[in-house]
Amino acid sequence: MKKKIGVKVLGTGSCFPKKVITNVDLEKIVDTSDEWISTRTGIKERRMSEKDEPTSELALKASLEALKVAGISPKQIDIIIVATITPDMFFPSTACFLQAKLNILSVPAFDLSASCSGFIYGISVAKAFIESGFYKTILLVGADELTKITDWTDRSTCVLFGDGAGAMILSASESNEDILSVFLGADGSYSDLLFLPAGGTRSPATIDTVNEKLHTIKMRGQEVFRVAVPKMVLAAEKALEFSGKRVEDVKLFIPHQANMRIIEAVAKRIGISMDRVFVNIHKTGNISSATTITALDEAIKTGKLKVGDIVELVAFGGGFTWGATVLRV
Ligand SMILES: CC(C)(COP(=O)(O)OP(=O)(O)OC[C@H]1O[C@@H](n2cnc3c(N)ncnc32)[C@H](O)[C@@H]1OP(=O)(O)O)[C@@H](O)C(=O)NCCC(=O)NCCS
C-alpha cells in the first residue's frame, strides 16, 4: 500500500514595516481617543508601510526569514502561494512579484483571496498539494497592507488596521504530520458588511469612485462582530474535532487579531482560559491574512511555543470567510 504523505512545518518568519502609528497619532487626524480605541478594540498601535513598500516587499522579508529558519534555499521551493487582499497590483499576482524577487523563475506562483482567513485557506491548499504528491516544498505567505485601503477620515475603520507579512515553509514528510486538521467555511450573503466597493469589474475606477473614497474598506462593525464570534467558535471546535485533540491538548490558541472583545468572547465560549490565548493586537492591529501567521511566528520566537506543542489558529474575515487549523510546531 502507498504510504500517506505527511506535512512538516520547516520554519516561519515575519516582517513588519518600521513606521509605528499610535492611537495618539490617530487622535490628531480623526475625532477619536486612545481610551476609546483601547477599550473597544485592544489596539494601541499598528505598523504602516511606506509608499514605495508594496505587499510583495514585506512578503519577501518574511519569506527570507522563514527560509533561513527552515535551513533551505529559495531554489528548493516548488510553489509559492500568497494569501492577500491587498496585492501589489490587480495582476500580475503578488506571488509572481515575490517569485521574481526570490529569483526562482519558473516556479509556479499564485495569490489566494479569502480576507482575514486567507492564511488558513492557504494551509489547506498547501496540505492538499503535498498530500497529493503534486509539490514537495511550499512557500505560503500571508501578507497585507490594509493601511493602503483605509479611509483616513472614517474613525470607525481607520483605527483598526495595520500592515505586515508572515511566511511558512511546509514540506512533504514520511514521518511527520504537523497539520493535524483544517476546517474552512464561507457565507457570501454577508458580502455587504465588510468590503471594498470599487476598483473591481462591478465598479471600475473613475474620478467619482475616487472622490467618494470607494477604494477603501467599508464595514458595519457591530454586525461583523455578531457573526464573527459564533463562526470562529464553530471553526475552532470543528478543527479540534477533526484533529482528534481536546481543548486541553492545545498549548496555545491563536485567534485572528481583529478585536480584543471578539477574542475574549470566542475564548470564553470554547472554554479556554486567556492565559492560553495569544494576543498581540495591541501592537499590530488587524493585518488580515498576515495576522495568524505573524502571531504564530512571534509565539515561537518568544518561546511561548516549543517543538512538539499543539497550537490552534482560528480566523474570520470579509466574505464572510472563516477557518481554523490545528497544527504541531
Ligand atoms: C468597530 C468596533 C470596534 C466598533 O465598536 P462598537 O462598540 O460596536 O461601537 P459602535 O459602532 O456601536 O459605535 C459606538 C459609538 O462610537 C463611535 N465611534 C466609532 N468609532 C470611533 C472611534 N474610533 N473613536 C471614537 N468614537 C468612535 C460611533 O460613532 C458611535 O457613536 P454614536 O453612539 O454617537 O453614534 C466593533 O464593532 C468591532 O470591532 N467590530 C468588529 C470589526 C472587525 O473586527 N472587523 C474585522 C473582522 S475580520
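Student: Before we get going, what does it take for a residue to be near a molecule here?

Tutor: A residue is near a molecule if its C-beta atom, placed from the backbone, lies within 6 Å of it. Please keep in mind as well that this is a predicted model.

Student: OK, so how many residues surround the ligand, and which are the closest?

Tutor: The ligand is surrounded by 21 residues, and the closest of them are Thr32, Arg155, Gly221, Ala258 and Asn259. By class, this shell has 11 nonpolar, eight polar and two charged residues.

Student: Which helices and strands supply at least two residues of that shell?

Tutor: Helix 2 (34-41), helix 6 (155-158), helix 8 (221-243) and strand 12 (310-317) each supply at least two, and the largest share, five residues, comes from helix 8.

Student: And where does the ligand shell lie relative to the two domains?

Tutor: The shell lies between domain 1 (6-177) and domain 2 (180-328), because both domains give residues to it.

Student: Back to helix 8, then: how many residues has it, and what does it reach from its first C-alpha to its last?

Tutor: Helix 8 has 23 residues and reaches 32 Å from its first C-alpha to its last, which is close to the 33 Å expected at 1.5 Å a residue. Just after helix 8 comes Gly244, which takes a positive phi of about 80°.

Student: Which of the residues of helix 8 are buried, and what covers them?

Tutor: The buried residues of helix 8 are Ala228, Lys231, Met232, Val233, Ala235, Ala236, Ala239, Leu240 and Ser243. Their cover includes strand 8 (179-186), strand 11 (252-255), helix 9 (260-270), strand 12 and strand 13 (321-328).

Student: Strand 13 has Gly323 in it; what is Gly323 in contact with, leaving aside its neighbours within four places in sequence?

Tutor: With those neighbours left aside, Gly323 is in contact with Ser117, Ile120, Tyr121, Val182, Phe183, Leu184, Gly185, Ala235 and Ala315. Gly323 counts as buried because 32 other C-beta atoms lie within 10 Å. The C-alpha atoms of Gly323 and Leu234 are separated by 8.8 Å, although these two residues are 89 residues apart along the chain.

Student: Let's switch to the domains: how far apart are their C-alpha centres, and how many residues does each side put into the contact?

Tutor: The C-alpha centres of domain 1 and domain 2 lie 14 Å apart, and the contact takes 44 residues from domain 1 and 43 residues from domain 2. On the side of domain 1 that touches domain 2, the elements that give two or more residues are strand 1 (6-15), strand 3 (45-48), helix 5 (118-132), strand 6 (137-145), helix 6 and strand 7 (163-173). Helix 5 gives the largest share of that side, seven residues, and by class the side has 18 nonpolar, 17 polar and nine charged residues.

Student: What about the largest nonpolar core, which residues touch the most other members?

Tutor: That core has 93 residues, and Ile81, Leu98, Leu140 and Val141 touch the most other members. This core lies between domain 1 (6-177) and domain 2 (180-328), because both give residues to it. Taking Ile81, and leaving aside its neighbours within four places in sequence, its contacts are Ala95, Phe110, Leu112, Gly122, Val125, Ala126, Ile138 and Leu140.

Student: Now the backbone: which peptide bonds are cis?

Tutor: The peptide bond from Phe91 to Pro92 is cis, with omega near 0°, and Pro92 sits in the loop between strand 4 (79-83) and helix 4 (94-102). A cis peptide bond also joins Gly319 and Phe320, with omega about -10°, and Phe320 is in the loop between strand 12 and strand 13. As background, most peptide bonds are trans, and most residues other than glycine have a negative phi.

Student: Then what is phi at Ser115 and at Lys213?

Tutor: Phi of Ser115 is positive, near 50°, and Lys213 has a positive phi of about 55° although it is not a glycine. Ser115 belongs to the loop between strand 5 (109-112) and helix 5, whereas Lys213 belongs to the loop between helix 7 (207-211) and strand 10 (218-219).

Student: Are those two buried or partly exposed?

Tutor: Ser115 is buried, because 24 other C-beta atoms lie within 10 Å, while Lys213, with 16 other C-beta atoms within 10 Å, is partly exposed.

Terms used. Residues are numbered from 1 along each chain as its sequence is written. This is a predicted model: local features need pLDDT of at least 70, side-chain atom pairs count only at pLDDT 80 or more; totals for chains, interfaces and linings use all residues. Helices (H or I, at least four residues) and strands (E, at least two) are DSSP runs, numbered from the N terminus. Ala, Val, Leu, Ile, Met, Phe, Trp, Tyr, Cys and Pro count as nonpolar, Asp, Glu, Lys and Arg as charged, and the others, Gly among them, as polar. Domain bounds come from an automatic or database domain assignment. The expected span of a helix is 1.5 Å times one less than its number of residues. A residue is buried if 20 or more other C-beta atoms lie within 10 Å of its own, exposed if 12 or fewer, and partly exposed in between; C-beta atoms are placed from the backbone. Two residues are in contact if their C-beta atoms, placed from the backbone, lie within 7 Å. A nonpolar core is a set of buried Ala, Val, Leu, Ile, Met, Phe, Trp, Tyr and Cys residues joined through C-beta atoms within 7 Å.
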